[in-house]
Amino acid sequence: QFLLPKEYHQVEWYGRGPFETYPDRKTGAKIGIYSSDANEMYEPYIIPQEYGNRSDVRWVKVQNDQGNGLLFEGEVPVNFSLHKFSTDNLSRAVYTYQLEEASHTILNLDYEVAGVGGTAIRQLQQYRLKPDGGTYRLKIKPF
């Protein structure tokens with residue numbers, strides 16, 4: 001998780017999109033170059049929770065209105081989400097009116113994320129994540 005200055009709210013990525021995708025909810029999203037911002041990426045779920053993941057991402061750029069920013073590239077496709085609310089605020093809020101914008105932009109970069117499920121049972125077994133160690137490389141370049 002990267003805490004970036006609030007003005008770094010624009011995002012461009014090469015991966016699945018333009019809408020949110022997860023390992024078990026991505027076949028309808030084409031791989032391409034997409035752009036958005038922290039406000040547009042917000043998903044107003046009835047109960048606040050993590051949102052806006054993008055899957056199979058080769059690179060992601062986060063920048064300000066002047067075009068300055070950071071480029072993140074994984075050695076393998078990664079997942080990312082860009083939030084205007086902190087993870088703690090999203091976890092504790094029961095209603096959307098309890099959400100308060102953070103003083104910074106939050107970029108989550110994940111090697112893997114769990115599927116979202118959506119049936120009477122949780123995620124299918126192949127979309128669950130178990131605690132496991134590992135490493136991968138991530139390049140970060142300013143521009």
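Rings of Phe, Tyr and Trp, the last represented by its six-membered ring, are taken to pair if their centres lie within 6.5 Å. In the predicted model described here, W13, Y34 and F80 form one aromatic cluster under this criterion. The structure holds eight aromatic pairs. The pair made by Y42 and Y51 is edge-to-face, because the ring centres are 5.2 Å apart and the planes stand at 90 degrees, where an angle over 60 degrees is required for this class. Both partners are shielded from solvent: Y42 counts as buried at 19% relative accessibility, and Y51 is buried with a relative accessible area of 1%.

Two aromatic rings also carry a charged side chain over the face. R58 is placed over Y14, at 5.8 Å from the ring centre. K61 is placed over F143, with a corresponding separation of 5.6 Å.

As regards the overall fold, the chain comprises one helix and seven strands, arranged along the sequence in the pattern β-β-β-β-β-α-β-β. Its radius of gyration is 15 Å, close to the 15 Å given by the globule rule for 143 residues, so the chain is as compact as a globular protein of that length. The C-alpha trace spans about 45 × 40 × 30 Å along its principal axes. Of the contacts between residues at least 6 apart in sequence, 69% join residues at least 24 apart. Buried residues account for 40% of the 143 residues. The chain exposes about 8700 Å², and carbon and sulfur atoms supply 51% of this area.

The nonpolar interior was examined next. In soluble globular proteins, nonpolar side chains tend to be buried together. The largest nonpolar core in the model has 16 residues, and those with the most contacts inside it are V11, V60, V62, F80, L82 and L107. At least two residues of this core come from each of strand 2 (10-17), strand 4 (54-63), strand 5 (69-83) and strand 6 (104-110). Strand 5 gives the most, with four residues. The surroundings of L107 illustrate how this core is connected to distant parts of the sequence: leaving aside neighbours within four places in sequence, L107 is in contact with Q1, F2, L4, V62, F72, F80, S81 and L82. A second, separate core consists of six residues and includes Y42, Y51, L90 and L99. The edge-to-face pair of Y42 and Y51 thus has both of its members in this second core.

Two features of the backbone deserve separate mention. Most residues other than glycine have a negative phi, and most peptide bonds are trans. A cis peptide bond joins G17 and P18, with omega at about 5 degrees; P18 is located in the loop between strand 2 and strand 3 (30-37). D56, although not a glycine, has a positive phi of about 55 degrees. This residue belongs to strand 4 and is buried, since its relative accessible area of 18% falls under the 20% limit.

W59 is likewise found in strand 4, and it counts as buried at 18% relative accessibility. Beyond its neighbours within four places in sequence, W59 is in contact with E12, W13, Y14, I33, L71, F72 and E73. Among these partners, W13 is a member of the aromatic cluster with Y34 and F80, whereas Y14 is the residue whose ring face is covered by R58. The C-alpha atoms of W59 and Q49 are separated by 25 Å, the two residues being ten apart along the chain.

K141 presents the reverse relation between sequence and space. This residue is found in strand 7 (residues 138-142) and is partly exposed, with a relative accessible area of 40%. K141 and L71 are 70 residues apart in sequence, yet their C-alpha atoms are 5.0 Å apart. Outside its neighbours within four places in sequence, K141 is in contact with G69, L70, L71 and E73. Of these, L71 and E73 also appear among the contacts of W59.

Definitions and conventions
Residues numbered from 1 in each chain as written. Predicted model: local features only at pLDDT ≥ 70, side-chain atom pairs only at ≥ 80, totals over all residues. Heavy atoms only, no water. Phe/Tyr/Trp six-rings, centres within 6.5 Å; stacked < 30°, edge-to-face > 60°. Buried < 20%, exposed > 50% of the residue type's maximum accessible area, 1.4 Å probe, protein only. Lys NZ or Arg CZ within 6 Å of the ring centre and 35° of its normal. Rg over C-alpha atoms; globule rule 2.2 N^0.38 Å. Contact = heavy atoms within 4.5 Å. Areas by Shrake-Rupley, 256 points an atom, 1.4 Å probe, with all protein chains shown as cover. Core = buried A, V, L, I, M, F, W, Y, C linked by side-chain atoms within 4.5 Å.
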